[in-house]
Amino acid sequence: MEKIKIALTKGRLAEKSLKVFEAIGINFSAFYKDSRKLILPSDCGQYEMILVKALDVATYVENGAADIGIAGKDTLLEANANVFELVDLGFGKCRFAVAGSPGFDIERAVKLSVATKYPRVATEYFQQKGKQVETIKLNGSVELAPLVGLSDVIVDIVETGRTLKENGLEVLENMHSISARLVVNKASYKTKSETLQPFVEGIKQAITVSEG
Ligand code: PRP
């Protein structure tokens, strides 16, 4: 049988994803070894995990380099990839928010500058509100931008709110809720349906059992 490639990002999402895979009998012992390998086989040999950056999961899946991917809705919205989003995994919960200095009046800014790792998400959000913005793309530590005068506000993910608080910022507007999603390559879902459909159904059931 053809191998199924799963794109994941190292970190909390991968660890939680591995628990779900284990619940349906797919184990990746190789993941727990201290290694720099980027392709890891499942113990049964039918699956292969490929370790990629969060924003790249959708790209690998869209192009068929991976059949399946697990990524946060934040990165999927930013990537805007043409993939099937089939399961809300219910973990990795956080939200997108506009944040800035306490009391900052977004409406009064004539041309708002917005620092973010998610320029597409930020632009779309403000476009829908009819607000003209200039986005400044950053790759991390986004909370710094309003503190040092790089931008008026930020659009970023907020999980516990600790990073904002410890840097004297606050949520000015809440945007979308985010959680981890399972995405599938459109062609693979047809050509490898014998393996992929039971896999997806198994994951859905495992999620329901762990939620119940
Ligand atoms: C993310 C995000 C916030 C922080 C939010 O950053 O960009 O900075 O986590 O979490 P909190 O609400 O629980 O404080 P990440 O840890 O990915 O680091 P980065 O700034 O380098 O992107």
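**Aromatic pairs, salt bridges and a pocket**

Phe21, Phe28, Tyr47 and Phe199 come together as one aromatic cluster. The model shown here is a predicted one, and a search through the whole of it turns up 7 aromatic pairs. One of them is formed by Phe21 and Phe199, whose rings sit 5.9 Å apart, centre to centre, with 45 degrees between the planes, making the pair tilted. Phe21 belongs to helix α1 (residues 12-23) and Phe199 to helix α8 (residues 193-211), so this pair ties together parts that are 178 residues apart in sequence. Phe21 is buried, with a relative accessible area of 0%, and Phe199 is buried too, at 3%.

Another aromatic pair brings in Phe84 and Tyr189: the ring centres are 5.8 Å apart and the planes meet at 70 degrees, so this one is edge-to-face. It also links distant parts of the chain, with Phe84 in strand β5 (residues 84-88) and Tyr189 in helix α7 (residues 186-191), 105 residues apart. How covered are these two residues? Phe84 counts as partly exposed because its relative accessibility is 27%, while Tyr189, at 18%, counts as buried because the cut-off for that label is under 20%.

Stepping back to the chain as a whole, there are 8 helices and 11 strands. The C-alpha atoms fill a box of roughly 60 × 35 × 35 Å, taken along the principal axes. Of the 212 residues in the chain, 45% are buried.

Next come the charged side chains. Side chains of opposite charge can pair when their charged atoms come close. In this model, the search finds 10 salt bridges. Glu159 and Arg12 make one of these, with their closest N and O atoms 3.3 Å apart. This bridge reaches across the sequence: Glu159 is in the loop between β9 and α6 (162-166), Arg12 is in helix α1, and 147 residues separate the two. Arg12 is exposed, at a relative accessible area of 61%.

Other salt bridges stay within a single helix. Arg162 and Glu166 are joined by one in which the closest N and O atoms are 2.7 Å apart. Both residues lie in helix α6, 4 residues apart, or about one turn of the helix, and both are exposed. In helix α8, Lys204 and Glu201 meet in a salt bridge of 3.6 Å, N to O. Why are these two about one helical turn apart? Because Lys204 and Glu201 are 3 residues apart in helix α8. Lys204 counts as partly exposed at 33% relative accessibility, and Glu201 is likewise partly exposed, at 39%. Salt bridges with shared partners also join Lys73, Glu85, Asp88 and Arg181 into one network.

Arg12 turns up again at the largest pocket, which has a volume of about 520 Å³. The lining is made by 22 residues, and the closest to the pocket centre are Arg12, Leu13, Asp74, Gly92 and Ile157. Which elements give two or more residues to this lining? They are α1, β4 (68-72), α3 (73-79) and β9.

On the surface, Leu144, Leu147, Val148 and Leu150 make a nonpolar patch of about 370 Å². Leu150 sits in the loop between α5 (144-147) and β9 (153-158), and with a relative accessible area of 41% this residue is partly exposed.

A few more loop residues deserve a look. Asn80, in the loop between α3 and β5, has a phi near 50 degrees, a positive value in a residue other than glycine. Ser141 is not a glycine either, yet its phi is positive at about 45 degrees. The place of Ser141 is in the loop between β8 (133-137) and α5, and this serine is exposed, with a relative accessible area of 57%. Finally, Gln46 lies in the loop between β2 (39-41) and β3 (47-51) and is partly exposed, at 22% relative accessible area. Although Gln46 and Met1 are 45 residues apart in sequence, their C-alpha atoms are 7.5 Å apart in space.

Terms used: Residues are numbered from 1 along each chain as its sequence is written. This is a predicted model: local features need pLDDT of at least 70, side-chain atom pairs count only at pLDDT 80 or more; totals for chains, interfaces and linings use all residues. Side-chain values use heavy atoms; hydrogens and water are left out. Patches are made of residues with over 30% relative accessible area and no salt bridge: like charges are joined within 9 Å, nonpolar side chains (Val, Leu, Ile, Met, Phe, Trp, Tyr) within 5 Å. Accessible areas come from the Shrake-Rupley method with a 1.4 Å probe; for residues, only the protein chains shown count as cover. A salt bridge is a side-chain nitrogen of Lys or Arg within 4 Å of a carboxyl oxygen of Asp or Glu. Buried means under 20% relative accessible area, exposed over 50%, partly exposed in between (1.4 Å probe, protein chains only). Rings of Phe, Tyr and Trp (its six-membered ring) pair if their centres lie within 6.5 Å; planes under 30 degrees apart count as stacked, over 60 as edge-to-face and the rest as tilted. On a 1 Å grid over the protein atoms alone, a cavity is a set of points where a 1.4 Å probe fits but cannot get out, and a pocket is an open set with protein on both sides within 12 Å along at least five of seven lines; lining residues have an atom within 4 Å of a point. Grid points are joined across faces, edges and corners, and a volume is the space filled by probe spheres set on the points.
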